[in-house]
Amino acid sequence: MDFQPTEMQTELSGLARRFAREKIQPVVEQDEHDERFRPELIAELGQLGLTGIPVAEAHGGAGLGYQDYITVLEELASVSVSYAISVAVTGLAQVILEKFGNEAQKQRIARLAAGQAIGAFSLSEAGSGSDAGSLRTTARRDGDHYVINGTKLWTTQADSAEVIMLMARTGAADDRTRGVSTFLLEQGTPGLRLGKREKKMGCHISHTMELVLENVRVPASCLVGREGDGFKIAMTALDSGRITIAASALGIARSSIEVATGHARQREQFGKPIGEYQGVSFLLADMATRYDAAKLLVQRAAFLKDQGLPFSTEAAMAKLFATDMAMQVTTDAVQILGGSGYTQDFPVERFMREAKVLQIVEGTNQIQRMVIGRSLLKTH
Ligand code: COS
């Protein structure tokens with residue numbers, strides 16, 4: 001593992017940083033207010049080659065690794081977590097199709113990798129969040145079709161997605177995780193409709209949707225992998241997804257440190273810049289140290305994944321530490337900015353709201369601790 005970014009990583013992060021500053025920054029605050037997502041920005045990111053980084057060139061991706069991917073997500077998130085998450089969730093669909101899809105399903109990757117289409121991942125339900133294996137949406141085999149019924153919750157960008165990777169129960173309820181299968185659903189399939197859009201604390205650009213499935217009849221060829229493999233497919237995808245969420249946490253933390261440091265230099269109280277008070281400079285020192293420690297964990301998880309080595313536990317550690325770090329660092333940045341920090345004149349209050357969701361998505365940080373704890377205690 002090398003601490004120096006490669007030439008490719010420097011180029012990718014430079015591209016992503018410029019795009020985020022020139023294209024997202026000018027519209028982000030208004031769009032957050034208007035809850036407006038711009039798919040055309042994803043298409044432009046696709047033209048820059050930034051929407052299919054970890055997918056093989058044969059499938060339309062860039063054929064690079066997660067160590068490259070995290071540099072791009074950090075830059076996007078440093079301006080807008082919503083767009084970083086959009087790229088990451090579309091990436092989740094690509095990763096699933098590449099690893100588990102049949103040849104026809106793999107053909108669907110190219111449009112996602114090019115940013116021409118958006119993907120979604122639909123696992124959670126009202127009664128099944130952390131306990132993902134208890135999901136109740138059913139997919140009943142009917143000849144050479146499946147008929148899917150149920151209601152999914154918290155599906156990011158289901159309203160703009162062309163393809164939705166959806167987990168449903170094909171086995172008995174007491175089969176739990178072994179009775180779950182993954183399906184590739186098309187937007188517009190009869191019986192599949194959007195339910196309510198959640199009113200959230202932050203990340204308003206990113207739409208979080210309820211999905212209602214009423215006798216959705218799909219050909220059996222929509223099954224991804226084998227019947228009953230769906231839970232493991234979801235868990236495998238989430239292992240990778242947790243690295244992308246951790247990388248997004250780095251972005252908002254870094255921006256918050258930059259804003260807070262600039263403020264501490266300029267803002268004078270009692271006749272000198274507030275950064276000259278130890279109460280502020282020590283806070284900044286802790287913020288920067290936590291950011292660097294988180295970055296090393298995220299880089300390690302990405303490195304292991306790129307090497308083809310086991311990385312579930314390390315991804316959980318990176319997600320846990322980086323998102324808790326982002327919550328702390330963004331909160332401290334608001335504190336350093338004082339009254340200004342609590343207003344929308346500065347982005348730190350938005351970053352603080354965005355940090356909160358990162359402690360929850362792709363497995364709450366309590367679930368990450370469970371994953372880490374189990375790996376420590378397992379006997380084989
Ligand atoms: N990769 C591959 N397989 C995995 C896996 C992983 N990371 N984690 C678990 N599995 C497998 C297990 O090996 C087991 O296989 P067998 O049936 O062959 O023994 C099976 O999946 C069930 O595993 P387990 O018994 O550990 O499942 P649990 O019901 O205890 O759930 C947790 C495990 C809690 C880790 C899982 O439910 C989880 O991650 N929950 C959070 C869900 C989540 O992140 N939701 C957010 C959605 S996106 S916003």
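The largest pocket in this predicted model has a volume of about 1500 Å³. Of its 48 lining residues, Leu-238, Arg-242, Glu-362, Gly-363 and Thr-364 are the closest to the centre. A word on terms: on a 1 Å grid over the protein atoms alone, a pocket is an open set of points where a 1.4 Å probe fits, with protein on both sides within 12 Å along at least five of seven lines, and lining residues have an atom within 4 Å of a point. Grid points are joined across faces, edges and corners, and the volume is the space filled by probe spheres set on those points.

Before going on, here is how to read the rest. Numbering starts from 1 along each chain as its sequence is written, and side-chain values use heavy atoms, with hydrogens and water left out. Since this is a predicted model, local features need pLDDT of at least 70 and side-chain atom pairs count only at pLDDT 80 or more, while totals for chains, interfaces and linings use all residues.

Back to the big pocket. Several elements supply at least two residues each to its lining, including helix 4 (81-100), strand 3 (145-156), helix 9 (312-337) and helix 11 (365-377). Helix 7 gives the most, with 8 residues. Helices (H or I, at least four residues) and strands (E, at least two) are DSSP runs, numbered from the N terminus.

The second largest pocket holds about 490 Å³ of space. It has 20 lining residues, and Pro-5, Gln-9, Thr-71, Lys-295 and Gln-299 lie nearest its centre. Helix 1 (7-34), helix 3 (66-77) and helix 8 (278-307) each supply at least two residues of that lining, with helix 3 giving the most, at 5 residues.

Here is the make-up of the two linings. Ala, Val, Leu, Ile, Met, Phe, Trp, Tyr, Cys and Pro count as nonpolar, Asp, Glu, Lys and Arg as charged, and the others, Gly among them, as polar.

| Pocket | Nonpolar | Polar | Charged |
|---|---|---|---|
| Largest pocket | 19 residues | 17 residues | 12 residues |
| Second largest pocket | 5 residues | 8 residues | 7 residues |

Now for the domains. The protein chain is divided into domain 1 (7-113), domain 2 (119-228) and domain 3 (232-377), with bounds that come from an automatic or database domain assignment. The second largest pocket lies between domain 1 and domain 3, because both give residues to its lining. The centres of domain 1 and domain 3, taken over C-alpha atoms, are separated by 20 Å. In all, 24 residues of domain 1 are in contact with 29 residues of domain 3, where contact means heavy atoms within 4.5 Å.

Helix 3 deserves a closer look. Buried means under 20% relative accessible area, exposed over 50%, and partly exposed in between (1.4 Å probe, protein chains only). By that yardstick 11 of the 12 residues of helix 3 are buried, so the helix is largely enclosed by the rest of the structure. Among the buried ones are Tyr-66, Asp-68, Thr-71, Glu-74 and Glu-75. They pack against helix 1, helix 2, helix 4, helix 7, helix 8 and helix 10. The end C-alpha atoms of helix 3 are 16 Å apart, which agrees with the 16 Å its 12 residues should span at 1.5 Å a residue. That expected span is 1.5 Å times one less than the number of residues.

Helix 8 can be checked likewise: its 30 residues should span 44 Å at 1.5 Å a residue, and its end C-alpha atoms are 43 Å apart, which agrees. Its buried residues include Val-280, Leu-284, Met-287 and Tyr-291, and what covers the buried set includes helix 3, helix 7 and helix 9. Just after helix 8, Gly-308 takes a positive phi of about 75°.

Two residues other than glycine also have a positive phi. Gln-157 has a phi near 50° and sits in the loop between strand 3 and strand 4 (163-169). Its relative accessibility is 3%, so Gln-157 counts as buried. Cys-203 has a positive phi of about 50°, and its place is the loop between strand 6 (192-197) and strand 7 (208-219). At 5% relative accessibility, Cys-203 counts as buried.

Last stop: Leu-41, in helix 2 (residues 39-47). Leu-41 is buried, with a relative accessible area of 5%. Leaving out residues up to four places away in sequence, Leu-41 touches Phe-19, Lys-23, Ile-24 and Tyr-83.
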